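Thanks, everyone, for making the time. I would like to walk you through a few local features of one model, so please have the viewer open.

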Amino acid sequence: MATILVVEDEKPISDLITMNLKLVGHRFFKAFDGEQMQQILEQEKIDLILLDVMLPVMDGFEWMRRRRHPGVPVIFITAKDSLADRITGFELGADDYIIKPFEILELLARINVVLRRSVKEEEGFLAGDVEVHLQARKIYKSGQLVELTAREFELLEVLIQNRNIALSREKLLELAWGYEFEGDTRTVDVHIRQLRKKLGWEERINTVYKLGYRLEAER
C-alpha cells in the first residue's frame with residue numbers, strides 16, 4: 001500500500017481521513033500547514049498528497065505554484081467549491097479535486113484511482129497461501145494460478161482495497177462494477193461464495209471479514 005501525506009489544518013477532518021487510510025492499509029503522515037508539509041516531503045518518500053486549499057502559512061494553491069516535488073500526485077480536498085477554484089486546482093496540476101463535505105468511501109476510491117495511475121511498482125496482497133497481484137490481475141493459491149472471472153476479480157479487488165471497512169451489498173456492487181444496481185443484491189453473496197470456493201476460504205470467514213465484507217445472510 002501507499003504512503004500518503006494528509007495536509008489538513010482541521011484536526012477532526014485530518015483524524016477521520018487518516019483513521020480510514022490506516023484501516024485500508026496505507027501509511028500516512030500528517031501536516032497542518034504548508035511549512036510542515038514541505039519538511040515531511042524533504043524527509044520522507046511520499047506516494048500521494050491529500051491537500052487542503054485554505055491552510056495557514058501557505059495555502060494549497062500557492063504551494064502548488066511553488067512546489068518542488070512535481071512527481072508526487074496531489075488530490076485537493078477543500079470547501080472551495082466554485083467552478084473557478086476547481087479549474088485553478090486542475091490548471092495547477094492537481095490529479096483530482098474533492099469538495100467538502102465528502103463521503104469517505106468516495107475519497108478512498110479516488111485515492112485508488114490516482115495511485116493506480118502513478119504508483120509503478122506491483123501492488124499485491126497476501127492472505128495465508130493466497131497471493132493477489134492487482135496490477136497483473138493474477139491470483140495464486142499455494143503457487144498455482146487461480147482462474148477468476150472478470151467480475152470475481154473486480155469484487156475481490158474492491159474488498160482488498162477496502163479491507164476492514166464494512167460495505168453493504170449495494171456499495172460493493174457500485175464500487176466493483178461501476179453502476180447503481182437494480183435487482184437482487186444477493187448476487188454479491190453468490191460471487192463471495194465462488195471466491196471462497198476457488199481460494200479455499202470456505203471455512204475461513206475471518207479472512208473475508210478482513211477484506212471488509214460482512215455477509216448479513218450469515219448472522
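I will take a hairpin, then a residue in a loop, then a surface patch. This is a predicted model, in which local features need pLDDT of at least 70 and side-chain atom pairs count only at pLDDT 80 or more, whereas totals for chains, interfaces and linings use all residues. Residues are numbered from 1 along each chain as its sequence is written, and side-chain values use heavy atoms, with hydrogens and water left out.

Let me start with strand β7, residues 130-133 (strands here are DSSP runs of E, at least two residues, numbered from the N terminus). Its side chains alternate, in that V130 and V132 point to one face and are buried, while E131 and H133 point to the other and are not; buried means under 20% relative accessible area with a 1.4 Å probe, protein chains only. Strand β8, residues 138-141, runs antiparallel to β7 and is joined to it by 4 bridges, where pairing requires that DSSP finds at least two bridges. The partner of V132 in β8 is I139, and the hairpin has 4 residues between its strands, with R137 in the turn showing a positive phi of about 55°.

Turning to D52, we find this residue in the loop between β3 (48-51) and α3 (60-66). Why does D52 count as buried? Because its relative accessible area is 3%. The side chains of D52 and K100 are joined by a polar contact of 3.5 Å, meaning a pair of N or O atoms within 3.5 Å, of which, within protein, one must be able to donate a hydrogen and the other to accept it, while residues adjacent in sequence count only if both atoms are side-chain atoms.

Finally, M19 lies in helix α1, residues 11-23, and counts as partly exposed because its relative accessibility is 47%, partly exposed being the range between under 20% and over 50%.
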